[in-house]
Structures are given as C-alpha cells and as structure tokens.
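User: I'd like to go through this pair of chains and test each label against its cut-off. Please give the value, then the rule, then the verdict.

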Amino acid sequence: MTTQLTIRNALPSDFDAVVALDLVGDSDDKPAYWRGIFDRYVTTDQTGGFFLVAEISGEVIGFIVGEVRAWEFGSPPCGWVFALSVAPKSREMGVGELMFKEICRYLKQAGVTTVRTMVDRKNKLTLSFFRSQGLRTGRYIELEKPIDNS
Amino acid sequence: MKLHKASLFALYAVLELASDPERQLSATDIADSYGISTHHLAKVLRTLVRSGLVQAVRGAGGGYRFTGVTNRTTLLDVIELFETLDAELDAPSPKGQAGEAVIEELQSIAREIDDLTKAVLDTITLETALSSSRLRTRLAGQA
C-alpha cells in the first residue's frame with residue numbers, strides 16, 4: 001500500500017478533499033478557515049509553511065499542515081504541526097507517519113530542531129499518534145479560562 | 001503520582017511479555033529481570049490473566065504469554081486493572097462556608113492533575129512504550 005502512496009505539496013485543487021477529510025472527525029465545518037489556510041500556504045509561496053497531502057491513485061487520503069513559528073511566548077523558532085487528518089479507510093497503514101516524517105524533514109531543512117503540536121486531551125486517537133512518533137509533553141503549558149463571568 | 005506496586009509490576013510484566021508475544025515466560029523469569037518479588041508478581045499475573053491481556057500456559061515449559069493488542073492497549077488500561085488514579089483528598093467535613101470553598105478548590109485542583117495524568121497514560125500504547133524503550137536501549141548502546 002505505502003509503495004503507491006505519494007506525499008506531495010497541496011494544490012489549490014485539493015481544497016474540497018481537504019475540507020472533506022477535516023470533517024471526518026468531530027471537526028466543525030469551517031470552509032472560510034481552510035480558504036485562508038490555502039491562501040496562505042498553497043496559493044502563495046509561504047516561507048516556513050508546509051501543507052502536504054497524501055495521495056493514492058489520484059485520491060487525497062490525508063493531509064498535514066505545519067509551519068515555523070518564532071518567539072511566540074518567548075519560544076525560539078520551532079516547527080508547529082497544526083492540522084493532520086487521514087481518511088478512516090486508510091488508517092493504520094503508516095500514512096500519518098509518512099506525512100509526519102516528511103513535514104519534519106521540511107521543518108528541519110527550514111532550520112528548526114523541535115516540532116510541537118497541540119491536541120485536545122480527549123482526542124485519544126491523535127494524541128496516541130503523536131506519542132507514537134515520539135512527541136512528549138513539552139515545556140510550555142497551555143492555560144485557559146472562560147471570560148464570560150470573570 | 002505514586003503507582004501502587006501491583007500496577008508497576010503489571011506494567012513490567014505486560015511490557016516484558018508484549019515485547020515478544022510468541023515467547024512464554026514464567027513469573028520467576030519476569031521477577032528476576034526486574035528484581036521484584038515473584039510471589040507478589042504471581043498475584044498480579046492472575047489479575048492480568050483474568051483481564052485477557054495475558055494467557056497462562058500450563059504444563060512443562062509453560063508460563064505466561066501476551067494475548068492483548070499492543071497498539072490498542074494503553075498504560076492506563078493496565079494500571080486501571082489495579083487502581084483508580086483519582087487523587088484522594090482525605091478532607092474532614094468542613095464546619096463553615098469558607099472551609100467548604102477551600103476544600104472544593106483543592107478538589108478541583110486535584111481533578112485537574114488527575115485529568116492530565118490520565119491524558120498522558122491513556123495515550124501511550126504498549127507499542128509506543130516498547131518502541132521508546134528499544135530506542136533508549138539503542139542510544140545507551142551507542143553512548
């Protein structure tokens with residue numbers, strides 16, 4: 001299976017497939033968000049940003065998006081993976097791992113030595129995936145509060 | 001977080017057996033590898049057998065064998081066979097409203113810690129833990 005798999009840069013024509021893959025999980029429908037991401041990482045040559053898709057026989061079965069972010073909250077330049085999805089029928093075949101390795105290769109070429117992500121703690125599937133790729137709890141802690149009644 | 005001995009011994013046993021599901025090991029084999037009590041481990045193994053993660057193979061050359069699914073079983077799955085990871089605040093009944101609020105706040109903090117602990121342990125599969133252990137062994141060999 002993986003011999004037929006291609007990991008390539010996303011094209012504007014992948015938009016519908018990416019939006020459909022994003023909706024596979026519990027994700028909200030957010031075409032405007034994806035339009036912005038495509039504008040930023042696909043239709044323009046955004047340095048430090050990477051939008052890859054996995055394709056088998058012309059069908060997009062997964063995507064991963066990441067970029068280099070620098071000095072947010074004092075953090076030195078670091079790779080961030082902020083979107084990842086694999087079609088349910090293509091899971092457990094190494095697609096996510098190949099995409100992740102490929103984006104890490106790009107990030108490394110861009111000069112960073114750490115990759116970071118953020119996942120809902122209830123999203124066991126994605127958390128387990130990133131754990132299997134060697135990611136551990138990092139040095140930054142995400143904090144939040146509702147601001148309605150403060 | 002301090003795991004009960006039974007949970008820790010269970011993790012040792014399950015990870016040791018899952019590292020080669022074809023292999024059968026006795027309680028003594030495992031206990032010797034980790035320097036732990038065979039007697040205590042034997043009790044733990046009985047629970048693991050009842051859970052279906054491990055099979056007891058009887059007869060000469062018998063022992064225990066892993067029968068679970070390494071990429072579906074998490075560290076928390078194993079631990080929760082022996083204990084719940086909920087923090088226990090041994091708080092007396094409060095006398096006033098102020099005391100009640102403090103106890104509720106401490107309980108809320110304890111729940112936050114519990115949630116984080118579980119989120120870590122419930123997303124590390126046996127396969128991931130074994131793979132990281134092998135990498136650690138390889139790196140130690142190169143050092």
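User: What makes the radius of gyration of chain A agree with a compact globule?

Analyst: The radius of gyration, taken over C-alpha atoms, follows a globule rule of 2.2 Å times the number of residues to the power 0.38. For 150 residues the expected radius is near 15 Å. Chain A has 16 Å, so the value agrees with a compact globule. Its C-alpha trace spans about 50 × 35 × 30 Å along the principal axes.

This is a predicted model, in which local features need pLDDT of at least 70 and side-chain atom pairs count only at pLDDT 80 or more, while totals for chains, interfaces and linings use all residues. Residues are numbered from 1 along each chain as its sequence is written, chains are lettered from A and ligands numbered from 1 in the order written, and side-chain values use heavy atoms, without hydrogens and water.

User: Why is chain B called more spread out than a compact globule?

Analyst: Start with its elements: chain B has six helices and two strands, in the order α-α-α-β-β-α-α-α. Its radius of gyration is 19 Å, well over the 15 Å that the globule rule gives for 143 residues, so chain B is more spread out than a compact globule. The C-alpha trace spans about 65 × 40 × 25 Å along its principal axes.

User: What counts as a helix or a strand, and how many of each does chain A have?

Analyst: Both are DSSP runs numbered from the N terminus: H or I of at least four residues for a helix, E of at least two for a strand. On that count chain A has four helices and five strands. Their order is β-α-α-β-β-β-α-β-α.

User: Why is Thr70(B) called buried?

Analyst: Buried means under 20% relative accessible area, exposed over 50%, and partly exposed in between (1.4 Å probe, protein chains only). Thr70(B) has 19%, so the residue is buried. Thr70(B) sits in the loop between β2 (63–66) and α4 (75–79) of chain B. Beyond four places in sequence, Thr70(B) touches Ala18(B), Thr125(B), Leu126(B) and Glu127(B). A contact here is heavy atoms within 4.5 Å.

User: How do you know that Leu121(B) is buried?

Analyst: Its relative accessible area is 11%, so Leu121(B) is buried. Leu121(B) belongs to helix α5 (residues 97–121) of chain B. Outside its four-place neighbourhood, Leu121(B) contacts residues including Met1(B), Leu76(B), Ile79(B) and Leu85(B). Lys95(B) is 26 residues from Leu121(B) in sequence and 37 Å away, C-alpha to C-alpha.

User: Why are Ser57(A) and Glu92(A) called exposed?

Analyst: Ser57(A) has a relative accessible area of 71%, so it is exposed. Glu92(A), at 61%, counts as exposed too. Ser57(A) is in the loop between β2 (49–56) and β3 (59–69) of chain A. Glu92(A) is in the loop between β4 (78–86) and α3 (95–109) of chain A. Phi is positive in each: near 50° for Ser57(A) and near 60° for Glu92(A). Neither case is a glycine.

User: What makes a group of residues a nonpolar core, and which residues touch the most other members of the largest one?

Analyst: The members must be buried Ala, Val, Leu, Ile, Met, Phe, Trp, Tyr or Cys, joined through side-chain atoms within 4.5 Å. The largest core has 35 residues, and Trp34(A), Phe51(A), Phe63(A), Val65(A) and Phe100(A) touch the most other members. At least two residues each come from α1 (15–22), α2 (31–41), β2, β3, β4, α3 and α4 (124–132) of chain A. β2(A) gives the most, with six residues. Another core lies apart from it, with 32 residues, among them Phe9(B), Ala18(B), Val78(B) and Ile79(B). In soluble globular proteins, nonpolar side chains tend to be buried together.

User: Which residues does Phe63(A) contact?

Analyst: Setting aside neighbours within four places, the contacts of Phe63(A) include Val18(A), Leu21(A), Trp34(A), Phe51(A), Val53(A), Leu84(A) and Met99(A).

User: How many positive and negative side chains does each chain have?

Analyst: Lys and Arg count as positive, Asp and Glu as negative; His and the chain ends are not counted. Chain A has 18 positive and 19 negative side chains. Chain B has 15 positive and 19 negative. The centres of the two sets lie 8 Å apart in chain A, and 8 Å apart in chain B. Each charge is placed at NZ of Lys, CZ of Arg, CG of Asp or CD of Glu.

User: What share of each chain is buried?

Analyst: Buried residues make up 39% of the 150 in chain A and 34% of the 143 in chain B.
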